[in-house]
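Grab a pencil and work through these short exercises with the structure open beside you. Try each task before reading its solution.

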Amino acid sequence: MRHPRSPRPARREKQRRRLARQFRALERAAPPRLRPAIRAAQGSGGSLIRTPAGLLLVAGGVFSFLPVLGLWMLPAGLLLLAIDLPPLRGPVSAAIIRVRRRWKTRRRGR
């Protein structure tokens, strides 16, 4: 007989909280003028805007070799998509953690 509570929802909730912590860390590290935009991007009910915007940013990042588009669009799009798509939450939050650790190490001068 199967246990009534599946571990999958608990893991998804843990990944959601981990991503939320990483967004808070990014918000603290961002310039003060960008903080309201980061907070607004995470707001509830914005998935109808976040999902297409995230897809457009990812597509723009893929075509970063064009003059107007840049590689910065790819991680920005993945961040927006990870808010609404549970399968992306784990890998995106892990990538944020790795980048933040490398940034911290480089700032220390190692």
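**Exercise 1.** In this predicted model, work out how the residues lining the largest pocket divide into nonpolar, polar and charged.

*Solution.* Start with the nonpolar group: 24 residues of the lining belong there. Next come the charged ones, and there are five. Polar residues? The lining has none.

**Exercise 2.** Find out how much space the largest pocket holds and which parts of the chain line it.

*Solution.* Volume comes first: the largest pocket takes in about 1,100 Å³. Its lining counts 29 residues, and Leu26, Leu79, Ile96, Val99 and Arg100 sit closest to the centre. Now sort the lining by element. Two or more residues each come from helix 1 (7-29), helix 2 (35-41), helix 4 (73-84) and helix 5 (86-108). Helix 5 is the top contributor, with 10 residues.

**Exercise 3.** Check whether the end-to-end distance of helix 4 agrees or disagrees with its residue count.

*Solution.* Helix 4 has 12 residues, and at 1.5 Å a residue the expected span is 16 Å. The rule multiplies 1.5 Å by one less than the number of residues. Then look at the end C-alpha atoms of helix 4: they are 18 Å apart, which agrees.

While you're on helix 4, pick out its buried residues, meaning those under 20% relative accessible area. They are Met73, Gly77, Leu79, Leu80, Leu81, Ala82 and Ile83.

**Exercise 4.** List the members of the largest nonpolar core and say which helix supplies the largest share.

*Solution.* The core has nine residues: Leu19, Phe23, Ala30, Ile38, Leu79, Ala82, Ile83, Val92 and Ile96. Helix 1, helix 4 and helix 5 each put in at least two of them. Helix 4 has the largest share, with three.

**Exercise 5.** Classify the structure's one aromatic pair as stacked, tilted or edge-to-face.

*Solution.* The partners are Phe63 and Phe65, whose ring centres lie 6.1 Å apart. Their planes meet at 70°, so call the pair edge-to-face; the cut-off for that class is over 60 degrees. How accessible are the two partners? Phe63 comes out at 43% relative accessibility, so it counts as partly exposed. Phe65 has a relative accessible area of 63% and is exposed.

**Exercise 6.** Locate Arg18 and find how far its C-alpha atom is from that of Arg89.

*Solution.* Arg18 belongs to helix 1. With a relative accessible area of 30%, Arg18 is partly exposed. Along the chain, Arg18 and Arg89 are 71 residues apart, yet 8.3 Å separates their C-alpha atoms.

Technical notes: Residues are numbered from 1 along each chain as its sequence is written. This is a predicted model: local features need pLDDT of at least 70, side-chain atom pairs count only at pLDDT 80 or more; totals for chains, interfaces and linings use all residues. Side-chain values use heavy atoms; hydrogens and water are left out. On a 1 Å grid over the protein atoms alone, a cavity is a set of points where a 1.4 Å probe fits but cannot get out, and a pocket is an open set with protein on both sides within 12 Å along at least five of seven lines; lining residues have an atom within 4 Å of a point. Grid points are joined across faces, edges and corners, and a volume is the space filled by probe spheres set on the points. Helices (H or I, at least four residues) and strands (E, at least two) are DSSP runs, numbered from the N terminus. Ala, Val, Leu, Ile, Met, Phe, Trp, Tyr, Cys and Pro count as nonpolar, Asp, Glu, Lys and Arg as charged, and the others, Gly among them, as polar. Buried means under 20% relative accessible area, exposed over 50%, partly exposed in between (1.4 Å probe, protein chains only). Rings of Phe, Tyr and Trp (its six-membered ring) pair if their centres lie within 6.5 Å; planes under 30 degrees apart count as stacked, over 60 as edge-to-face and the rest as tilted. A nonpolar core is a set of buried Ala, Val, Leu, Ile, Met, Phe, Trp, Tyr and Cys residues joined through side-chain atoms within 4.5 Å.
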